[in-house]
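Let's take a walk through a bundle of helices and see who sits next to whom. Keep the picture open while you read.

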Amino acid sequence: MIDFKTWLPQIMGYCEFVADDAALRHAWVNHDFSETSVTNFDELYEQVFDDLDADHFAINLVAHMPNAAMARTAIAAFLTSLKEMDRNRSENPELLNSSVLLDSGQWQRVRVA
């Protein structure tokens with residue numbers, strides 16, 4: 001398992017990627033993966049929750065960031081919004097299409113988390 005000092009910048013990188021609509025569309029809609037390994041939402045979810053074991057670190061944010069309440073809240077909101085989107089995709093198969101997903105109100109909530 002990676003340590004928190006390695007994990008935090010990686011999670012922040014995913015937050016920045018999700019906030020960058022042009023980069024997402026370039027990769028997920030135009031299928032140009034020259035600048036990212038995140039090929040779609042499923043891959044994003046896998047990298048965040050499986051590869052980076054975000055659930056493990058999420059429950060320990062207070063211990064790792066005791067004086068950064070706003071950052072803890074933002075990271076927790078980001079992770080929660082990804083889980084909610086995963087559930088939404090299970091209930092709404094049209095969201096499996098990357099173009100539809102990126103245009104959805106649900107995705108906008110992920111982006112602003």
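Are helix 1 and helix 3 roughly parallel or roughly antiparallel to each other? Before the answer, one thing to keep in mind: this is a predicted model.

**Helix 1 and helix 3**

The axes of helix 1 and helix 3 come within 11 Å and cross at roughly 160°. Angles over 145 degrees count as roughly antiparallel, and helix 1 and helix 3 are therefore roughly antiparallel to each other. Their crossing is a left-handed one. If you want to find the spot where they meet, look for Ile-11, Tyr-14 and Val-18 on helix 1, which touch Leu-44, Gln-47 and Val-48 on helix 3. Sort the residues of this contact by type and you get five nonpolar, one polar and no charged.

**Two more pairs to look at**

Two packed helices are described by the angle between their axes and the distance between the axes. Here is how that looks for the pairs in this report:

| Helix pair | Angle between axes | Distance between axes |
|---|---|---|
| Helix 1 and helix 3 | roughly 160° | within 11 Å |
| Helix 6 and helix 8 | roughly 165° | within 9 Å |
| Helix 1 and helix 2 | about 85° | 5 Å |

Start with helix 6, which covers residues 69–91, and helix 8, residues 105–112; their axes cross at roughly 165°. That makes helix 6 roughly antiparallel to helix 8. The crossing of these two is left-handed. On helix 6, the residues in touch are Ser-81, Leu-82, Met-85 and Asn-88, and on helix 8 they are Gln-106, Trp-107, Arg-109 and Val-110. By type, the contact between helix 6 and helix 8 has four nonpolar residues, three polar and one charged.

Now swing over to helix 1 and helix 2, which pack at an angle of about 85°. That makes helix 1 roughly perpendicular to helix 2. Phe-17, Val-18 and Ala-19 of helix 1 make this contact with Asp-21, Ala-23, Leu-24 and Trp-28 of helix 2. Six of the residues in the contact of helix 1 with helix 2 are nonpolar, none is polar and one is charged.

**Which side faces in?**

Which residues of helix 3 are buried? Helix 3 runs over residues 41–51, and its buried residues are Phe-41, Leu-44, Gln-47, Val-48 and Phe-49. Look down the axis of helix 3 and these buried residues fall within an arc of 165°, so they line one face of the helix. There's a handy rule behind patterns like this: an α-helix has 3.6 residues a turn, so residues three or four places apart point the same way. Over on the other side of helix 3, Asp-50 and Asp-51 are exposed. The buried residues of helix 3 have plenty to pack against: helix 1, helix 2, helix 4, helix 6, helix 7 and helix 8.

Helix 2 can be read in a similar way. Its buried residues include Leu-24, Ala-27 and Trp-28. Viewed down the axis of helix 2, the buried residues fall within an arc of 85°, so they line one face of the helix. Among what covers them are helix 1, helix 3, helix 7 and helix 8. Just past the end of helix 2, His-31 takes a positive phi of about 60°.

**Three residues up close**

Is Ala-23 buried or partly exposed? Ala-23 lies in helix 2 and has a relative accessible area of 24%, so it is partly exposed; buried would mean under 20%. Ala-23 and Thr-6 are 17 residues apart in sequence, and their C-alpha atoms are 23 Å apart in space.

Phe-57 sits in helix 4 and counts as buried, at 3% relative accessibility. Which residues does Phe-57 touch, not counting residues up to four places away in sequence? They are Met-1, Ile-2, Asp-3, Phe-4, Trp-7, Leu-52 and His-64. One of these, Asp-3, is 54 residues from Phe-57 along the chain, with 9.2 Å between the two C-alpha atoms.

Last stop: Ser-104, in the loop between helix 7 and helix 8. Ser-104 is buried, with a relative accessible area of 8%. Leaving out residues up to four places away in sequence, Ser-104 touches Met-85 and Leu-95. You have already come across Met-85, as one of the helix 6 residues that meet helix 8.

Key:
Residues are numbered from 1 along each chain as its sequence is written. This is a predicted model: local features need pLDDT of at least 70, side-chain atom pairs count only at pLDDT 80 or more; totals for chains, interfaces and linings use all residues. Side-chain values use heavy atoms; hydrogens and water are left out. Axes are lines fitted to C-alpha atoms, for helices over the stretch in contact, and angles run from 0 to 180 degrees between N-to-C directions. Helices (H or I, at least four residues) and strands (E, at least two) are DSSP runs, numbered from the N terminus. Angles under 35 degrees count as roughly parallel, over 145 as roughly antiparallel, 65 to 115 as roughly perpendicular and the rest as oblique. A crossing is left-handed if the near helix is turned anticlockwise from the far one by less than a right angle, and right-handed if clockwise. Contact means heavy atoms within 4.5 Å. Ala, Val, Leu, Ile, Met, Phe, Trp, Tyr, Cys and Pro count as nonpolar, Asp, Glu, Lys and Arg as charged, and the others, Gly among them, as polar. Buried means under 20% relative accessible area, exposed over 50%, partly exposed in between (1.4 Å probe, protein chains only). The arc is that of the directions from the helix axis to the C-beta atoms.
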